[in-house]
Amino acid sequence: MAAPEVTHLPHLPNDVEGLRQSIRDAVVRVVGEDPREASDRDWLEALAFAIRERMIERRLLTRRQFVEEDVKRVYYLSMEYLIGRMLEANLRNMGILDEARQAMADLGVDLDGIIDLEDDAALGNGGLGRLAACILESLATQGFPGYGYGIRYEYGMFRQDFEPYRQVEHPDTWLRYGNPWEFPRSDRKFPVHFYGYVVEHHHPRGGTRYTWEDGEEVLAMAYDYPTAGYGRRNVNNLRLWAAKATRDFDLRYFNEGDYIRAVADKAESETISMVLYPNDATAIGKELRLKQEYFFVSASLQDALERHLALGYSLDALPDKAAIQLNDTHPAIAVAELMRLLVDCHEVPWDRAWDLTRRTLAYTNHTLMPEALETWPVPLMQHVLPRHMGIIYQINHEFLEEVRHRYPGDSDRLARLSIIDEEGERRVRMAHLAVVGSHHINGVAALHTRLLQETLFEDFYELWPERFVNVTNGVTPRLWMIQSNPALTELLGRRIGNDWQYDLERLRALEPYATDPELQREFMSVKRANKVRLAELVRERTGVELNPDVLFDVQVKRIHEYKRQLLKLLHVIDLYRRIRAGEDIPPRVVLFGGKAAPGYARAKAIIQVINEVADIVNHDPAVGDRLKCVFFPNYEVSAASIIIPAADLSEQISTAGFEASGTGNMKLALNGALTIGTLDGANIEIRDAVGDDNVFIFGMTAAEVVEHRARGEQPSTILERAPGLAAAVDMIESGFFTRDDPETHRDLGRYLREDDPFFVLADYQAYAEACDRADALYADTSAWAEAAIHNVARMGFFSIDRTVRDYANQIWDVVPEPVAPSKTNGAA
Ligand code: NBG
């Protein structure tokens with residue numbers, strides 16, 4: 001029994017006075033500056049320290065409660081967390097935003113200026129990483145014992161710049177001022193092994209043991225980021241691993257006198273956590289990436305097992321006390337690593353270990369795109385992770401035995417199901433490994449899950465239909481409404497109270513007011529204020545002036561052929577041509593935002609042509625305010641928070657069958673934008689929720705896309721029937737927008753006319769008509785406002801809290817463990 005003094009947890013006051021005291025002290029004690037001399041950045045750091053002290057108190061209380069209640073824990077393994085800025089989010093979720101604003105004001109500092117100093121934590125590419133961040137926030141908010149695991153990349157998502165039209169990438173130096181939010185845990189380190197070879201040891205009394213010898217070892221060191229729940233005292237932990245060289249490894253060379261080599265090798269082993277791969281929905285197949293994946297999976301599983309055993313549980317109790325979720329195939333090596341840890345390190349017999357593994361792991365699939373499905377060449381896997389290759393062979397052998405038993409003589413089926421792809425260069429299919437090693441596999445929207453069952457995992461679905469479930473994605477209303485859209489939050493509070501902040505379905509209370517002219521007027525004036533706010537930012541970043549009284553048409557997301565930014569651009573070009581021809585068309589602002597993977601030439605060409613078109617359109621005196629086109633540079637979470645609340649129209653125009661879910665679609669609709677979209681991903685569920693009248697659906701369905709492809713129609717024949725579209729393609733191709741070098745987009749023109757793999761041309765006519773429908777509705781302000789209010793009121797289903805509850809009920813079998821509401825216990 002520890003002494004009372006030892007078991008004591010400090011308790012800091014959360015009122016203005018207490019905060020002011022902590023902040024002023026932190027300037028001196030932590031930052032090391034005289035408060036009279038402190039810069040804004042010093043104050044930012046001091047404030048962050050004052051908050052994190054309070055977060056860690058609640059974190060430790062939360063953890064104590066989890067131990068006392070003997071809870072089952074959820075471990076979320078993700079290569080990416082697209083968190084964004086932390087200051088405002090932490091203040092808000094800790095329930096001390098107003099107090100901190102006042103405390104800072106008392107100290108003569110404007111909190112909002114400080115908030116804008118912070119860099120985004122951009123440890124992710126796009127929707128998958130942002131979803132992971134939303135899930136962690138919701139786990140804490142709902143009181144689930146959830147632990148995030150990932151990588152502490154020294155450099156996150158690159159910063160995007162245009163020079164002048166082309167994308168150039170700059171390193172994201174988000175840690176250059178240090179990071180006040182993290183707790184470096186130098187005592188929480190795990191060795192991670194690479195290369196070397198495997199030795200078989202035959203026991204005299206039967207049985208074989210394997211040891212993994214030689215090779216290299218890197219240490220994974222923990223950095224903890226407390227994650228606060230909103231409106232209650234739960235604080236969970238996100239643990240990010242950084243690679244550190246092991247001392248043994250250094251010493252070898254030091255002893256040989258090669259000092260330079262020793263230091264260089266140390267730097268090299270630390271490159272594992274150096275940089276995020278800036279790729280979205282694409283597999284890269286680089287050795288360093290495989291090492292990153294294994295690095296964080298191994299450290300996370302070692303950590304989770306150590307905690308499990310330290311709590312006094314037996315390994316047999318693992319599936320009852322831990323649920324491990326694999327976010328896409330990136331952590332799929334966990335299947336083999338958990339087996340290795342159980343069998344080789346803890347001497348659990350193989351069959352029992354396999355049973356435990358399969359009952360502990362679950363896998364979320366985020367894409368059907370073949371190029372995004374990770375596979376590793378067998379020789380590479382053998383080289384980097386020789387023991388895991390052996391384990392995968394064994395798992396595959398036993399799995400295929402089971403299949404053979406059920407489908408005798410069906411060798412095609414065996415080849416289709418095998419974890420090893422035997423065609424051409426032999427490769428390990430990570431998605432198959434994840435499916436075979438998981439008790440549940442989920443897609444992220446209803447259509448996506450159905451397509452998984454019917455196409456990608458058809459054979460697996462036939463084997464184990466009960467393992468496949470849908471969990472439609474969601475978004476957190478704390479970031480995507482309360483923080484990003486304070487004006488609408490205030491309006492909602494006045495009209496329907498604040499219950500929706502915890503239970504988004506409560507937004508339905510707004511329904512009866514959708515036709516109320518007073519609410520419509522207030523709603524539209526909130527939207528206008530948000531458009532003014534965005535217009536200021538756009539002027540600052542691009543010099544382009546936007547008129548807040550016209551329709552704001554927004555497409556923000558990664559740049560990808562399947563997302564069809566080109567479809568929107570062709571429409572812009574058509575409008576421009578018609579304006580120049582003297583046609584009177586309804587005015588609009590078109591705003592694009594998003595990054596292209598640095599190696600994705602086509603996506604980069606798309607960015608370039610959008611910038612070129614924008615430059616001509618925005619400077620043509622014949623156009624004026626009737627059309628503006630902006631490519632917002634360096635789209636990131638903090639920019640999204642300004643852009644999304646200002647959108648009238650939300651572009652969700654992917655080729656049907658390609659967008660697994662989309663989550664931007666949910667954020668935009670929640671903020672009262674009307675969706676113009678295809679029947680793809682979660683758009684379908686959004687339409688079902690908001691109703692046909694409140695969304696503009698167009699284009700081929702997923703099934704029609706398949707039929708259309710089978711017909712093999714030449715895209716150029718479509719152009720013969722559509723003169724406006726043909727003119728737009730021609731303007732790109734002939735160099736109308738690139739007069740210095742008319743050849744620039746020859747290839748893009750040819751691509752559209754001859755290939756058009758994502759059916760931009762085939763869907764164009766339907767798209768243009770849907771745009772006209774949007775214009776017509778926008779002309780009727782009251783009708784538009786009514787539809788927009790219906791969108792907000794009906795978005796309850798798309799709360800991340802519902803998503804997390806679906807995981808908890810259908811997959812994890814865990815219950816929430818709320819600590820206490822923050823205002824009654826702890827505050828003040
Ligand atoms: C992305 C999908 C999106 C989906 C997010 C989150 C990958 C591999 N997939 O449609 O493209 O919304 O995942 O589920 O990044």
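With a relative accessible area of 0%, Arg588 is buried, where buried means under 20% relative accessible area, exposed over 50%, and partly exposed in between (1.4 Å probe, protein chains only). The model is predicted, so local features need pLDDT of at least 70 and side-chain atom pairs count only at pLDDT 80 or more, while totals for chains, interfaces and linings use all residues. Residues are numbered from 1 along each chain as its sequence is written, and side-chain values use heavy atoms, with hydrogens and water left out.

Arg588 forms a salt bridge with Asp553, and their closest N and O atoms are 2.6 Å apart; a salt bridge here is a side-chain nitrogen of Lys or Arg within 4 Å of a carboxyl oxygen of Asp or Glu. The pair links distant parts of the chain, since Arg588 belongs to strand E20 (residues 588–593) and Asp553 to strand E19 (residues 551–556), 35 residues apart. Helices (H or I, at least four residues) and strands (E, at least two) are DSSP runs, numbered from the N terminus. Asp553 also counts as buried, because its relative accessibility is 0%. Elsewhere, salt bridges that share partners join Arg185, Asp187, Arg188, Asp224, Arg239, Asp303 and Arg307 into one network.

The structure holds 68 salt bridges. One of them joins Asp116 to Arg85, with the closest N and O atoms 3.0 Å apart. Asp116 lies in the loop between helix H6 (111–115) and strand E3 (121–123), and Arg85 in the loop between strand E2 (81–84) and helix H4 (87–94), so this pair ties together parts that are 31 residues apart in sequence. Asp116 is exposed because its relative accessible area is 53%, whereas Arg85, at 23% relative accessibility, counts as partly exposed.

A further salt bridge, between Glu401 and Arg404, brings the closest N and O atoms to 2.5 Å apart. Because Glu401 and Arg404 are three residues apart in helix H15 (residues 386–406), about one helical turn separates them. Glu401 counts as partly exposed at 38% relative accessibility, and Arg404 counts as partly exposed at 39%.

Aromatic side chains supply another set of contacts. A search of the whole structure finds 27 aromatic pairs; rings of Phe, Tyr and Trp (its six-membered ring) pair if their centres lie within 6.5 Å, and planes under 30 degrees apart count as stacked, over 60 as edge-to-face and the rest as tilted. The rings of Phe194 and Tyr294 form an edge-to-face pair, because their centres are 5.8 Å apart and their planes stand at 80°. This pair links distant parts of the chain, with Phe194 in strand E7 (residues 183–194) and Tyr294 in helix H10 (residues 287–310), 100 residues apart. Both Phe194 and Tyr294 are buried.

The rings of Phe457 and Phe460 have centres 6.1 Å apart and planes at 80°, so they too are edge-to-face. Phe457 and Phe460 are both buried. They take part in one aromatic cluster with Tyr363, Phe399, Tyr461, Trp464 and Phe468. Within that cluster, Trp464 has the charged end of Arg467 over its ring, 3.6 Å from the centre. Arg358 also lies over the face of Trp464, at 5.6 Å from the ring centre. A charge sits over a ring if NZ of Lys or CZ of Arg is within 6 Å of the ring centre and within 35 degrees of the ring normal.

Strand pairing comes next. Strand E8 (residues 197–202) and strand E9 (residues 208–213) run antiparallel and are joined by six bridges; two strands pair if DSSP finds at least two bridges between them. Val199 has Thr211 in E9 as its bridge partner. The hairpin of E8 and E9 has five residues between the strands, and Gly206 takes a positive phi near 90° there.

An open sheet of three strands follows the order E14-E16-E15, with antiparallel pairing. Its edge strands, E14 (375–377) and E15 (420–421), each pair on one side only. E15 pairs with strand E16 (residues 427–429) in the antiparallel sense over two bridges, and Asp421 has Arg427 in E16 as its bridge partner.
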